[in-house]
Amino acid sequence: MIPTIIISVITCVCLILSVLFFPKLKLFKKEINTYWLVGLIGGVLIILFQGISLKEVFDGLTADSGINPLKILVLFISMTFLSVFLDELGFFKYLATFATKKAKTNQLTLFFALYALISVLTVFTSNDIVILTFTPFICYFAKNTKINPIPYLVAEFAAANTWSMMLVIGNPTNVYLATSANIGFIPYLKVMFLPTLLAGLTEILAIFLLFRKKLLQPLNAEITEEKIGDKASLAIGIAHLGVCLVLLVISSYINLEMWLICLACAVSLIVCACVIAAVKKTPPKILTATAKRLPWDLVPFVLSMFVIVLALDKQAVTDVLRKFLGTEQVAFRYGIASFLTCNLINNIPMSVLFSTIPNMPLPLLSDQAIYSTVIGSNVGAFLTPIGALAGIMFTDLINKQNVKYSFVSFVKYGVIISVPTLLAALGGLWLVL
């Protein structure tokens with residue numbers, strides 16, 4: 001047990017250090033993210049020091065269960081493919097420009113319009129896609145209009161990591177936790193609708209009060225026209241995303257697993273894009289560009305952290321955590337614990353770890369533990385940049401745009417916004433369950 005715990009702790013510490021001090025590593029003129037390398041090394045060391053055997057790892061990866069990380073990765077990568085495909089066609093930028101046009105010279109109108117657009121898109125796509133799409137747009141727009149980008153960036157990041165709670169597909173952590181507990185698409189939505197709504201309303205009020213003076217300043221916007229050239233591909237992309245969402249909604253009724261639905265829709269879109277390219281007698285560049293933007297780093301990272309958690313579970317460490325958290329005030333204890341833990345080890349490893357903990361005497365308590373952990377894994381993302389991969393991507397993007405937003409500022413705004421948002425969400429969960 002001791003070697004497993006030591007390796008796990010060192011891996012988590014190194015993960016934090018890598019995010020703060022050396023997020024990227026240059027190798028053969030190519031930059032690679034270090035967080036997944038840290039996780040991979042930790043997973044390999046666990047196996048080498050016999051914390052878990054290769055056979056046990058193989059059995060875990062091939063198990064026919066909701067907690068199977070391969071199925072979860074297929075679901076998330078496939079869903080991300082559908083969203084990135086639309087983004088490559090300029091669909092999301094077009095919507096953002098449309099919202100900007102409607103705002104005209106009023107910052108408040110623009111602020112609330114962008115927040116609403118980001119929230120809706122997050123619900124139906126995912127937080128990572130929205131952050132990758134809108135962060136450069138906000139930075140570019142702020143430079144052109146000479147306004148402070150921070151209120152918009154804070155609102156974007158918070159919205160993307162709050163409204164992502166609404167549907168199970170909004171965040172990889174939702175997928176992992178829900179499937180580990182065999183929670184379907186509709187049952188998940190029924191529980192998480194009110195907590196997400198209350199969290200979103202609390203959050204936007206906190207952000208508005210925080211930045212109201214800056215947002216009352218006038219706006220002088222010079223808007224560039226955004227046009228979508230390949231309308232056929234756009235129609236195909238929107239149709240596939242729509243069909244995928246509908247099938248996910250009825251998945252429990254048609255007895256189809258969510259990962260199969262997402263994979264089938266992604267494969268179908270690839271075939272359709274290839275057919276369109278063949279008809280036009282051009283190479284399918286859209287597919288190449290989309291594939292390059294997919295979060296492939298998640299694959300080794302999630303699998304490595306899964307190995308570490310399997311080893312901790314084998315060594316009965318999760319039993320100790322379960323006893324520590326107890327069976328009273330489950331929603332608030334698990335919600336706050338997951339909220340804080342994801343800012344120590346990142347929300348994906350936290351979700352993998354916490355998915356093995358709930359083993360309550362009553363089903364209702366298990367549901368409270370899982371759903372409150374979902375809330376903690378999403379809202380915890382905007383407490384510090386370490387809280388989620390979305391935070392790592394976000395800080396990297398704004399640094400490239402030369403926007404000054406320090407670690408201290410991130411945490412300062414994060415505390416002010418995330419704490420009331422977390423309490424509102426957990427309060428909503430308490431009302432539902």
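A residue is called buried when its relative accessible area is under 20%, exposed when that area is over 50%, and partly exposed in between. In this predicted model, T341 has a relative accessible area of 19% and is therefore classed as buried. T341 belongs to helix α17, which covers residues 330-345. A polar atom of the T341 side chain lies 2.6 Å from the backbone oxygen of A337. The side chain of this buried threonine is thus placed beside a main-chain oxygen, at the separation of 2.6 Å.

A second threonine, T122, is located in helix α6, residues 107-124. The relative accessible area of T122 is 0%, so this residue also falls under the 20% limit and counts as buried. T122 and N378 are 256 residues apart along the chain, and a distance of 12 Å separates their C-alpha atoms.

Positive phi values occur at two residues that are not glycine, N182 and K281. For N182, phi is about 55 degrees. This asparagine sits in the loop that links α9 (172-180) and α10. With a relative accessibility of 66%, N182 is above the 50% limit and is therefore exposed. For K281, phi is near 60 degrees. The residue is placed in the loop between α13 (258-280) and α14 (285-293). K281 has a relative accessible area of 76%, which means that it is likewise classed as exposed. Both positive-phi residues are thus found in loops between helices, N182 in the one before α10 and K281 in the one before α14.

Helix α10, which spans residues 185-215, also contributes to a charged feature of the surface. R212, K213, K214 and K412 together form a positive surface patch. Helix α10 supplies 3 residues of this patch, the largest share. K214, one of the patch members, is located in helix α10. Its relative accessible area is 34%; because this value lies between the limits of 20% and 50%, K214 is partly exposed. The value of 34% also satisfies the requirement of over 30% relative accessible area that applies to members of a patch.

Taken by accessibility, the residues described here fall into three classes. T341, at 19%, and T122, at 0%, are buried. K214, at 34%, is partly exposed. N182, at 66%, and K281, at 76%, are exposed.

Technical notes
Residues numbered from 1 in each chain as written. Predicted model: local features only at pLDDT ≥ 70, side-chain atom pairs only at ≥ 80, totals over all residues. Heavy atoms only, no water. Patch = residues over 30% accessible without salt bridge, like charges linked within 9 Å, V, L, I, M, F, W, Y side chains within 5 Å. Areas by Shrake-Rupley, 256 points an atom, 1.4 Å probe, with all protein chains shown as cover. Salt bridge = Lys/Arg side-chain N within 4 Å of Asp/Glu carboxyl O. Lys, Arg positive; Asp, Glu negative; His and termini not counted. Charge placed at Lys NZ, Arg CZ, Asp CG, Glu CD. Helix = DSSP H or I, 4+ residues; strand = E, 2+ residues; numbered from the N terminus. Buried < 20%, exposed > 50% of the residue type's maximum accessible area, 1.4 Å probe, protein only. Polar contact = N/O pair within 3.5 Å; in protein donor to acceptor, adjacent residues only side chain to side chain.
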